[in-house]
Amino acid sequence: METATMGRVTTEATIESLKDLLAVELGVMTADQVRQITVPDALVDTGATWLSLPTRMIRQLGLKKTGSKRVISSTGLAEADMYGAVKLTIQGRSCTMDVIEVPDTVPVLIGQLPLESLDLVIDPRNRTLTGNPAHGGEHVIELY
């Protein structure tokens, strides 16, 4: 479910540890052991690029640091840690995404890369997240 307040669009997002999902496929873990988080109010931020998770959620999911990147945010130029990969599900659509760490005071941010991968766009009139109207609302991945 998406909600909007004063121009903000939020959506429910389920985030699962890809490492755990692969362990289930290998038979070394059961499906009920997969670490996952359902966020009822992830902020859809078209000004952001990545899927960004607060530190506490990265720890809950047991994600492994893969490196760091120089980032620009409202506080200026900084370094942010990158973590690999999670399965992100929004509105029944799923993709695999690396994660950028944000402080615990920042909400989960759904940036442009996950939106593109999930073929979702913001409907500015209704302030909701919707399937891309250019594809009839269906989940289509453009290969060109």
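Buried means under 20% relative accessible area, exposed means over 50%, and partly exposed is in between, with a 1.4 Å probe and protein chains only. The model used in these exercises is predicted: local features need pLDDT of at least 70, side-chain atom pairs count only at pLDDT 80 or more, and totals for chains, interfaces and linings use all residues. Residues are numbered from 1 along each chain as its sequence is written, and side-chain values use heavy atoms, with hydrogens and water left out.

**Exercise 1. Describe the protein chain as a whole.**

Step 1: Start with the secondary structure. Helices (H or I, at least four residues) and strands (E, at least two) are DSSP runs, numbered from the N terminus. The protein chain has three helices and 10 strands, in the sequence order β-β-α-β-β-α-β-β-β-β-α-β-β.

Step 2: Turn to compactness. The radius of gyration is 15 Å, close to the 15 Å that the globule rule gives for 144 residues, so the protein chain is as compact as a globular protein of that length. Here the radius is taken over C-alpha atoms, and the rule is 2.2 Å times the number of residues to the power 0.38. The C-alpha trace spans about 45 × 35 × 30 Å along its principal axes.

Step 3: Add the burial. Of the 144 residues, 38% count as buried.

**Exercise 2. Place strand 2 among its partners.**

Step 1: Check its cover. Strand 2 covers residues 8-17, and eight of these 10 residues are buried.

Step 2: Look for pairing, which requires DSSP to find at least two bridges between two strands. Strand 2 pairs with strand 3 (residues 36-44) in the antiparallel sense, over six bridges. On this side, Ile-15 stands opposite Ile-37.

Step 3: Find the other partner in the list. Strand 6 (residues 76-90) also runs antiparallel to strand 2, joined to it by four bridges. Here Ser-17 stands opposite Val-86.

**Exercise 3. Follow strand 6 to strand 5, then examine Ser-68.**

Step 1: Count the bridges. Strand 5 (residues 65-73) and strand 6 are antiparallel, with eight bridges between them.

Step 2: Find the turn. A hairpin of two residues links strand 5 to strand 6, and Ser-73 has Gly-76 as its bridge partner in strand 6.

Step 3: Zoom in on Ser-68, which lies in strand 5. Is Ser-68 buried or partly exposed? With a relative accessible area of 40%, Ser-68 is partly exposed.

Step 4: List its contacts, meaning heavy atoms within 4.5 Å. Leaving aside neighbours within four places in sequence, Ser-68 touches Glu-79, Ala-80, Asp-81 and Met-82. Tyr-83 is 15 residues from Ser-68 in sequence, with 8.5 Å between their C-alpha atoms.

**Exercise 4. Work out the surroundings of Ser-52.**

Step 1: Locate the residue. Ser-52 is found in strand 4 (residues 51-54).

Step 2: Judge its cover. Its relative accessible area is 7%, so Ser-52 is buried.

Step 3: Which residues are in contact with Ser-52, leaving aside its neighbours within four places in sequence? They are Ile-100, Val-102, Pro-107, Val-108 and Leu-109.

Step 4: Compare sequence with space. Ser-52 and Val-108 are 56 residues apart along the chain, yet their C-alpha atoms are separated by 5.7 Å.

Step 5: Return to the whole protein chain. Among contacts between residues at least 6 apart in sequence, 57% join residues at least 24 apart.
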